Amino acid sequence: MTSKEIRQSFKQFFQSKQHRIVPSAPMVIKDDPTLMFTNAGMNQFKDIILGNAPAKYTRVADSQKCLRVSGKHNDLEEVGHDTYHHTMFEMLGNWSFGDYFKREAIAWAWEYLTEVLKLDRERLYVTVFEGAKEEGLARDDEAASYWERYLPKGRIINGNKHDNFWEMGDTGPCGPCSEIHIDIRPDSEREKVSGLALVNRSHPQVIEIWNLVFMQYNRKADGSLEPLPAKVIDTGMGFERLCMAVQGKLSNYDTDLFQPIICKIGEISGGKYGEDEKTDIAMRVIADHLRTIAFSITDGQLPSNAKAGYVIRRILRRAVRYGYTFLGMHEPFMFRLIPTLLAVMGDAYPELAAQQTLIVKVMKEEEESFLRTLDTGIRMLEKSIPESKGEYLSGEVAFQLYDTFGFPIDLTELILREHDMRVDLAGFDAEMQKQKERARNAAATETGDWIKVHEGEPAFVGYDETACSTRILRYRAVKQKNKSYYQLVLSRSPFYAEMGGQAGDSGRLTTADGSEQIVIFDTKRENNLAVHLSEKLPVNPAAEFVARIDAEKRTATECNHTATHLMHAALREVLGTHVEQKGSYVSSELLRFDFSHFRKMTPQEIRAVERKVTAAIRSNFAIEEHRHVPLEEAKAQGAMALFGEKYGDEVRTVRFGSSIELCGGTHISSTGRIGTFRIISESAISAGVRRIEAVTAKGCEEYLYAGEDAILEIRNLLNNVPDIVQGVHRLLSENEEMKKQVQQFMKEKSEHLKQYIIEKREEVNGISLFCAELPEGAPEMVKDIAFQLKSLYPVKMMFAAGTVANGKPSLTVMLSDDLVAGGLHAGNMVREAAKLIRGGGGGQPHFATAGGKDPDGLHAAVEAIVQKLKEAEMP
């Protein structure tokens, strides 16, 4: 079976078991502060598992794009060196939310593997949870009894808590799990050593392919367990490993998921897979990382220097570095692999083809940038090598190369080996640990258990109301970065929780009798749950409250949000329909909009967009909002679904005139209320992606007033000329003429000064010595005189000058080439003399300068330089 056939067979099998087949969620997570990337199939169902949202379907199956590179699931450094670890991978999974449990999950897993895929039953082993006395948990005899229907007891292995008790995190849903392992070794090896002895022993051909998680507990903050009200089945099967087993391969990279890409890498680089271990590792790294980078860009995450963008940049640079070091690829090459990736995965993920142009452009620019960085790092390393003492390069220098320039430690080691040197790895590791500690401390968050106050489900009423009566359903304490606050969940809330680029609301909770007010300083969303942040709790959390948002702040935010929609439509009209949103942020202060476009906008284009948005504002279009619209119907109406966003079966549409978008945020009631709009900046944030910042309403008024004030100030400076543009032109013209006069004056002054210095020439040991101490002299003029003197006196010449400019002393020394050959060094001479003016400096053997802080020492410094000449023994 091909990989495409295997993927489809899984979906068809679970569809036959009454499962709803859902699309993969984006690999990049945007509205969950606890995760940057989808690292497991269950991520998109977290809110259901946590009880924060009802399950629309009780049985679900899918193939999910996942990425594991950081945190608990950190596979990055293993990728390429073994046969079965990846950064980006597909997870086949089936779920039950309060429907079936262990018996059906086990039966269907066995049926699919052995009857649909025809895997050899004799090669399969399973594990079950052996129990944990310290938790009061017994062995999972229930799961074991179901497995005994299909396997002999000898192939059912007890697993410890580390391997066979799955937990979402420090707190939350958890439970025992049962892993299915397969032994794909040749029969000759199986006869020597039983697969039973190799399960969970990191053998590359005795591997886990499917994990069945039976969520039946909830882990509380104090570490204790309580039963989950609704049990959950969560299974995950590594698609790449499954393809290896079905296709009879001994490596994931030998399957049809990777081989076309690896063959293309060989074609581009001139290498051949299977002939050299280091080359093979490089090809596997590149093939794996290519998928990660392409899918991340498709889902809206561009390489950058922060958070998720930094992770993607690291992965891309790791691939480029392997190509650079082991395949001799010193020019961008990864972007050339995209058509091959599309041939392999484009059918299952059509979004790749839709974003191909952007993927290629971003990847090519990132490769070019990092190749330049590699050159810089290599030059810095080569400079550090002669400065190192002994055979070791210091760990601090190696870490600076890694941290500042993205220069990998193993490449540093490789270059050092060529110089018979090594890295102080202990020092490097110590620096790395310090950085990790800093990051860990910055991100550390402690959360208490939820304390339930009232029963009920939270409801958002902020589309229609700015204030409402409410009760606190539950709350918990949070400590982050030495700051303590509380998260409150309200029964009814007008507060918009930050999501989709729109900032969260702030406001107040007031008791019904008005006796107490609690400030809500922000509203966030965690696992699809709106949490209201306050620095203190009400005296009586069970009381009735009125929740009221800061209406002025909300209105300003809504003006910016609606203007973003109008601007998006205007950009597509002015620049073309290739424009797509790549990110946005709207707050009460401004709007920021990232979009695909391949060149800088001209002033005329910016003005055209502003005019179109302003025309839409003047038209005073009323909002046309529709909730619970079927997704396909919304698309048919013209609403554009954005890549990298996850939509449900039903969506909310927002229309203003010809602008219609899928949007869950809040908006102004009519465009006329926005008042004014101006774009304040347009810039590039990465290859093929531009960023606009703009202001509206009161913020725009302030921006325009600031411009008017600047114009008034300029007019005053120009003596109130009626036409300030003409006045500025005249001022620039006068300035240019004066600059010419100054240059002529300085040229004449330099000539006079040179003649004065020549007239004061001395002879020291047969050498022409030119000295000057100038109370006021431009360093550029002195340098120019120095080189002129060298031209006039090419042999046996020394020039030493001390000058003061803007109160700061400086020294200049020039030597003829024969004096340098005789052992004099201008840099050494000036470095010693600079101490007398409380400064430092240096330079080349024939020319050097120094600066200082003490003008009073200038005479002594010049004398010291002259003394060096007098003491020198010249041939």
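Two strands pair if DSSP finds at least two bridges between them. The legends below use that term for a predicted model.

**Figure 1. The whole protein in the predicted model.**
The protein has 875 residues, and 50% of them are buried. Its secondary structure consists of 25 helices and 34 strands. Along the principal axes, the C-alpha trace spans about 110 × 80 × 55 Å. Of the contacts with a separation of 6 or more, 67% are between residues 24 or more positions apart.

**Figure 2. The edge strand β33 beside its partner β34.**
Strand β33 covers residues 840–843, and strand β34 covers residues 847–851. The two strands pair in the antiparallel sense, and 4 bridges join them. What is the bridge partner of G841 in β34? The partner of G841 is A850.

**Figure 3. The open sheet that contains β33 and β34.**
This sheet has 6 strands in the order β29-β30-β31-β32-β34-β33, and their pairing is mixed. At the edges are β29 (762–764) and β33 (840–843), each of which pairs on one side only. From one strand to the next, the twist averages 20°.

**Figure 4. Helices α22 and α25 lying across strands of the open sheet.**
Helix α22 is formed by residues 779–792 and lies across β30, β31, β32 and β34. Helix α25, formed by residues 858–871, lies across β29, β30, β31 and β32. The angle to β31 is about 170° for α22, and about 170° for α25. Strand β31 itself spans residues 797–805.

**Figure 5. Strand β21 and its alternating side chains.**
In a regular strand the side chains alternate between the two faces of the sheet. Which residues of β21 (residues 544–549) point to one face and are buried? They are F545, A547 and I549. The side chains of E544, V546 and R548 point to the other face and are not buried.

**Figure 6. The partners of strand β21, namely β15 and β18.**
Strand β15 (residues 467–480) runs antiparallel to β21 and is joined to it by 5 bridges. Strand β18 (residues 507–511) also runs antiparallel to β21, with 5 bridges between them. Residue F545 of β21 can be used to find both pairings in the view. T470 stands opposite F545, and F545 is also the bridge partner of T511. F545 is one of the buried residues of β21.

**Figure 7. The crossing of helices α8 and α9.**
Two packed helices are described by the angle between their axes and the distance between the axes. Helix α8 covers residues 259–269 and helix α9 covers residues 277–298. Their axes come within 9 Å and cross at roughly 120°. That angle is over 115 and not over 145 degrees, so α8 and α9 are oblique to each other. The crossing is right-handed.

**Figure 8. Residues at the contact of α8 with α9.**
From α8, the residues are I261, I262, I265, G266 and S269. They meet M283, I286, A287 and L290 in α9. By class, the contact has 7 nonpolar residues, 2 polar residues and no charged residues.

**Figure 9. Residue S9 in helix α1.**
Helix α1 is made of residues 3–15, and S9 is found in it. Is S9 buried or exposed? S9 counts as buried because its relative accessibility is 11%, and the cut-off for buried is under 20%. Leaving out residues up to four places away in sequence, S9 touches M1, Y112, V116 and L117.

How values were computed
Residues numbered from 1 in each chain as written. Predicted model: local features only at pLDDT ≥ 70, side-chain atom pairs only at ≥ 80, totals over all residues. Heavy atoms only, no water. Axes fitted to C-alpha atoms, helices over the stretch in contact; angles between N-to-C directions. Parallel < 35°, antiparallel > 145°, perpendicular 65-115°, else oblique. Left-handed = near helix turned anticlockwise from the far one by under 90°. Contact = heavy atoms within 4.5 Å. Nonpolar A, V, L, I, M, F, W, Y, C, P; charged D, E, K, R; others polar. Buried < 20%, exposed > 50% of the residue type's maximum accessible area, 1.4 Å probe, protein only.
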